[in-house]
Amino acid sequence: MKQDEFEIPDVKYKSMWYTNGVAAQPLYLTVMHRPEDNGLNFNFEYQKGAVTDYEMEYLYYYLCRILFRGIEDKNRTVGEILEMI
């Protein structure tokens, strides 16, 4: 997969990064509700030696695809969603 394939049309996002340069765990994800527009904030904390920037973009891309498939049909099971991805 190429770097530019991670674009998700019509989905606005922004990122802000603040770090002291260390992470306690190889990968930690927090998803929080964003009340101003009813969206979600994804906050990733990870060790650069354990996870690459490319892998993080890949993870985010597929998390969004999974969420969108679940939103399309609330009756889909997790297994059905993962088969679609």
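This report walks through a hairpin, a group of salt bridges and a nonpolar patch in one structure. Keep in mind that the model is predicted.

**The hairpin**

Let's start with the two strands. Strand 1 covers residues 27-34, and strand 2 covers residues 39-46. The two run antiparallel and are joined by eight bridges. If you want a spot to look at, find M32, which stands opposite N41 in strand 2.

Between the strands of this hairpin there are four residues. One residue to pick out here is N38, which sits in the loop between strand 1 and strand 2. What is the sign of phi at N38? It's positive, at about 65°, even though N38 is not a glycine. That's worth a second look because most residues other than glycine have a negative phi. N38 is also exposed, with a relative accessible area of 60%.

**R34 and its neighbors**

Now move to R34, which belongs to strand 1. Is R34 buried or exposed? With a relative accessible area of 16%, R34 counts as buried, because the cut-off for that word is under 20%.

Leaving aside residues up to four places away in sequence, R34 touches G39, L40 and N41. L40 has a further link to R34: the backbone oxygen of L40 is 2.8 Å from a polar atom of the R34 side chain. N41, for its part, is the residue that M32 stands opposite.

R34 also has charged partners. Side chains of opposite charge can pair when their charged atoms come close. Here, R34 is linked with E36 and D37 in a network of salt bridges. The N to O distance is 4.0 Å for E36 and R34, while the closest N and O atoms of D37 and R34 are 2.7 Å apart.

The three members of this network don't get the same label for accessibility. R34 is buried at 16%, whereas E36 is exposed at 63%. D37 is partly exposed, with a relative accessibility of 47%.

**Salt bridges in a table**

How many salt bridges does the count come to? It comes to five, and the table lists some of them, including one away from R34 that involves D53 and K48.

| Salt bridge | N to O distance |
|---|---|
| E36 and R34 | 4.0 Å |
| D37 and R34 | 2.7 Å |
| D53 and K48 | 2.9 Å |

In the D53 and K48 pair, D53 is partly exposed at 40% relative accessibility, and K48 is exposed at 58%. D53 is also where helix 1 (53-72) begins.

**The nonpolar patch**

Finally, take a look at the surface. L29, V31, L40, L67, F68 and I71 form a nonpolar patch there, and together they have about 510 Å² of accessible area. L40 is a familiar name by now, since R34 touches it too.

Which element gives the largest share of the patch? Helix 1 does, with three residues. Strand 1 also plays a part: strand 1 and helix 1 each supply at least two residues. Among the patch members is V31, which is found in strand 1. V31 counts as partly exposed, at 43% relative accessibility.

Key: Residues are numbered from 1 along each chain as its sequence is written. This is a predicted model: local features need pLDDT of at least 70, side-chain atom pairs count only at pLDDT 80 or more; totals for chains, interfaces and linings use all residues. Side-chain values use heavy atoms; hydrogens and water are left out. Buried means under 20% relative accessible area, exposed over 50%, partly exposed in between (1.4 Å probe, protein chains only). A polar contact is a pair of N or O atoms within 3.5 Å; within protein, one must be able to donate a hydrogen and the other to accept it, and residues adjacent in sequence count only if both atoms are side-chain atoms. Contact means heavy atoms within 4.5 Å. Two strands pair if DSSP finds at least two bridges between them. Patches are made of residues with over 30% relative accessible area and no salt bridge: like charges are joined within 9 Å, nonpolar side chains (Val, Leu, Ile, Met, Phe, Trp, Tyr) within 5 Å. Accessible areas come from the Shrake-Rupley method with a 1.4 Å probe; for residues, only the protein chains shown count as cover. A salt bridge is a side-chain nitrogen of Lys or Arg within 4 Å of a carboxyl oxygen of Asp or Glu.
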